[in-house]
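User: Please take a close look at the pocket of this model, and then follow the chain outward from there to whatever else deserves attention. I should like one connected account, with the cut-offs behind each term.

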Amino acid sequence: MAETVLTNTGLDRFLELVGGAPEHHDPAFARAAEAVLGLLALRGADRGTGLPEPTPELTRQLLVEDLPSFVYVPPGGLALYPAVLGALAARFDGDCAERIAGVVAEAGTDFERAVHDPGNLTWHRWYASLLHTCGADLTDPEDVRRRLAALDGAPLPDGVRRADLMGRTALADVLLTEALTRAYVRDAEAPPPVGPLLTDHAVASGIGRVATALQDRWTAAGLAEQLAGPYAHYAPGPDAFPHLVLADALLDEHLDHHGDPDAPVPPPPAIGPGSAEEDADALLAAAEELAEEEFEPYGGEAPHLLYVVYQRGCSAESVARKAAEYEDWTVDPALEDLPVPVPDDAPEAYAVPPVPELVRLLGTPELNEADRARLEGPARDLAAVLDRLAATGLVFRTGDAFGLTPRGAGAVRYLLGVRGVAAPDAAQAAAWPASVLVAAAGGWPAPVAARVLADWLHARVDTAHAWSQLLDALGTVHAGTSEAAATRGLFTVLDTTTAPPGALRAALRDPVLGAYALRALEDRGEEADPIQVPTSARALHVLDALPAKKGPLESRRAAFDETAAAWPGGSAALVRAMAGADRHEAERVLGPLGITLP
C-alpha cells in the first residue's frame, strides 16, 4: 500500500497533533492529510521538523496542479484539503499559518475549478468518481473490482473524448514518475534527518510500481491494476489512438494559419453521424498511403487539404485553384475564398475547367488554352490524391470541386479538438456572446462568416436587441488594433434587409458603424437622418471604400483625391478624421499613396 511506500511524511504525527478536534477523526480527513503531506514531501518541502512545511509556492502548486492531477476528491470533500493545509501550517512558528491562509484564500476558486475541470480528468480519477457514485468502498480492492465489473461499458463524462482522458492520464503518469524520481535522488544526495521518502526496496521494485501504488491510494484501491489488466479496454492508452499523428499534423496547419490554438475555426454547417475515432483512423490510413512515392508530388498534402477545406467552413474548394497554388501560379487573394459550385454529377475522370472558369477562380484574365493544358498534369495528380481520400467516404470530389462530407467534417473537428484547437459546432457558435463570435468571425472567409453570423441572429429570432448586440460588437471588438478594419468589415456580410429598422437607426450614432447603418437604411429606401452620423463613422466608411492594395498607385491616389475633394475641409481634414478613427488602417491604405498622417 502507498502508506508503506512513501515513508516519513509525518502523517501519523500530524494526525496525532490535530486529533483533538472531532472533525479530524473523520477517515476522509486522514485521506486528505495523507495526500497533502505526501505531495508536499514529494515536491521537496522541508521535513526538518518531522512534518513537511508548506510554502506559498508549494501550496499553490498543490491546490491548482497536483491535487487535480492525481487525487480523486469525493463530492463534499473539497474543503478538507485547505483545512489540512491550515492545520499543518499552524504547526510551524512565525507567519507560516498566515501566509498559507492567504494563498488558500487566493487560490480557492482556482482549486475548485481545477478539481471539477473535465480537462484535468485522468482515467483513474474518472473511474474513482464512477465507483464512488455506485457506492463502492474505494479502500477495498475487491469491492472496487466487483463494482468495476458491474459497470455497463465505459461511460465518458459529458463533452470529454477518450483521447482527452488518455492524454491527461499519460501526462499525469509522467509527472508523478518524475516527482518520485526527483524525490529519491534528492534524499540520496542530501539525506534528511527524518529519513527518506522512498526506501531502496521500493525503488528497486520500480518507480512505476510506486506510482501505481500512489494512484490507487489517491483514487481507488486496486483500480490501477484492473485498468491495466482485465479492464484495460476501459482505459485505452496511446496505442489505441493512432490518428493522433494526423491530429498533430492538423494542429501544425492551424498554427501556421492562425498562430494560436485558441483562435476558433468556423463551425461546419452540418456534422454527420458516425464514430469520429474510427473515421479519424480511416483518414490516417489514407494519409499514410498517400505519403508513398507513387502519389508524389501531392501525396504528403493530405493534412493540408483536410484543414483548408475545414477552415473554409467546409465549403467546397477547387482542384484547379489548389493545383495552381501548388505550382506557384498567381491567384488573386480576394478570390481565395470564392465559393466553388458542386455539380450534381460529373465524369469520374478529372478535367481542368474551361478557361473562363479558370479566370473566375484565379482572377488572372490573361489565361489561355496553353495555360489550361499546362495545369492539366498537376491538377490530375492532385485529383488522384483527393480521390484516395474520397474512398473513405469522408471527402468528396465531384468534377473540379472537392470538400468534406458531413461525417468527414465531424472527423476533422474531432482531430482538431483533441489537440486543443477551438473547433465549435454550429450550436456552440450560435450560443456564443456577440463579442466572442465577432472576434472569431473576423478571421474567417466572408461567406462562412456571413452564414455563422446569420445563424447567430436567427437563433435569437432576429430581434432588434440581437442586432444591436451584434452591431455594437462589430464597432468595439479589436477597437484600436490592426484588426479593427476586418472586424467592422463584417457589417458588409450581414443581410441588413432583414434587420429591424430600429436597430439600424440606433446605430446611426455609432462612432464606427454609423455610416454603414445609414447606407443600409438608404439602400432599403427608409428614412434616416445623416446628421446623426459622427464624423469618425463617415471617415471610416470612406477609408474602407478606398482601394487598399489593388490597382496602380496612381489610380488609388486619384480615388482618394476625388473623395477628399468632397469632404468638408478637404484632404487634410479627411486624413485627420481617418487617422483619429483608425490609425492602423489609415497608415496601411494612405501610406503607399505618399500621404503622411498627422
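Analyst: **The pocket and its surroundings**

The largest pocket has a volume of about 1700 Å³. A pocket is an open set of points on a 1 Å grid over the protein atoms alone, with protein on both sides within 12 Å along at least five of seven lines, and its lining residues have an atom within 4 Å of a point. Grid points are joined across faces, edges and corners, and the volume is the space filled by probe spheres set on them. Its lining comprises 49 residues, and the closest to the pocket centre are Pro 333, Asp 337, Gly 442, Trp 444 and Ala 486. Two or more lining residues come from each of α12 (244-258), α14 (302-311), α15 (319-326), α20 (434-441), α21 (446-459), α23 (484-488), α26 (535-545) and α29 (583-590). These elements are DSSP runs numbered from the N terminus, helices being H or I of at least four residues and strands E of at least two.

The model is predicted, so local features need pLDDT of at least 70 and side-chain atom pairs pLDDT 80 or more, whereas totals for chains, interfaces and linings use all residues. Residues are numbered from 1 along each chain as its sequence is written, and side-chain values use heavy atoms, with hydrogens and water left out.

By class, the pocket lining divides into 24 nonpolar, 10 polar and 15 charged residues. Here Ala, Val, Leu, Ile, Met, Phe, Trp, Tyr, Cys and Pro count as nonpolar, Asp, Glu, Lys and Arg as charged, and the others, Gly among them, as polar.

Among the elements of the pocket lining, α26 has a set of buried residues: Ala 537, Ala 539, Leu 540, His 541, Val 542 and Leu 543. Buried means under 20% relative accessible area, exposed over 50%, and partly exposed in between (1.4 Å probe, protein chains only). The cover over these residues includes α23 and α29, together with α25 (514-523), α27 (553-565) and α28 (570-581); contact means heavy atoms within 4.5 Å.

An aromatic pair involves α25. Seven aromatic pairs are found in the whole structure; rings of Phe, Tyr and Trp (its six-membered ring) pair if their centres lie within 6.5 Å, and planes under 30 degrees apart count as stacked, over 60 as edge-to-face and the rest as tilted. The rings of Tyr 231 and Tyr 234 are tilted because their planes stand at 40°, with the centres 5.4 Å apart. Phe 491 and Tyr 516 form another tilted pair, 5.4 Å centre to centre and with 50° between the planes. Phe 491 lies in the loop between α23 and α24 (501-507) and Tyr 516 in helix α25, so this pair ties together parts 25 residues apart in sequence. Phe 491 is buried at 6% relative accessible area, and Tyr 516 is buried at 7%. Tyr 231 is buried at 15%, as is Tyr 234 at 7%; both belong to one aromatic cluster with Trp 123 and Tyr 127.

Several loops beside the pocket elements have backbone features to note. Most residues other than glycine have a negative phi, and most peptide bonds are trans. The bond from Glu 296 to Pro 297 is cis, with omega near 5°, and Pro 297 sits in the loop between α13 (276-290) and α14. Asp 328, not a glycine, has a positive phi of about 65°; this residue is in the loop between α15 and α16 (355-362) and is exposed, at 68% relative accessible area. His 478 has phi near 65° and belongs to the loop between α22 (464-476) and α23. The accessible area of His 478 is 26%, which means that it is partly exposed.

Apart from the pocket, the structure holds three cavities of 30 Å³ or more, a cavity being a set of points where a 1.4 Å probe fits but cannot get out. The largest cavity has a volume of about 70 Å³. Its lining consists of Ser 69, Phe 70, Thr 122, His 124, Arg 125, Thr 169, Ala 172, Asp 173, Leu 176, Gln 215 and Thr 219. At least two of these residues come from each of α3 (56-70), α6 (123-133) and α8 (162-189), and α8 gives the largest share, four residues. The cavity lining has three nonpolar, six polar and two charged residues.
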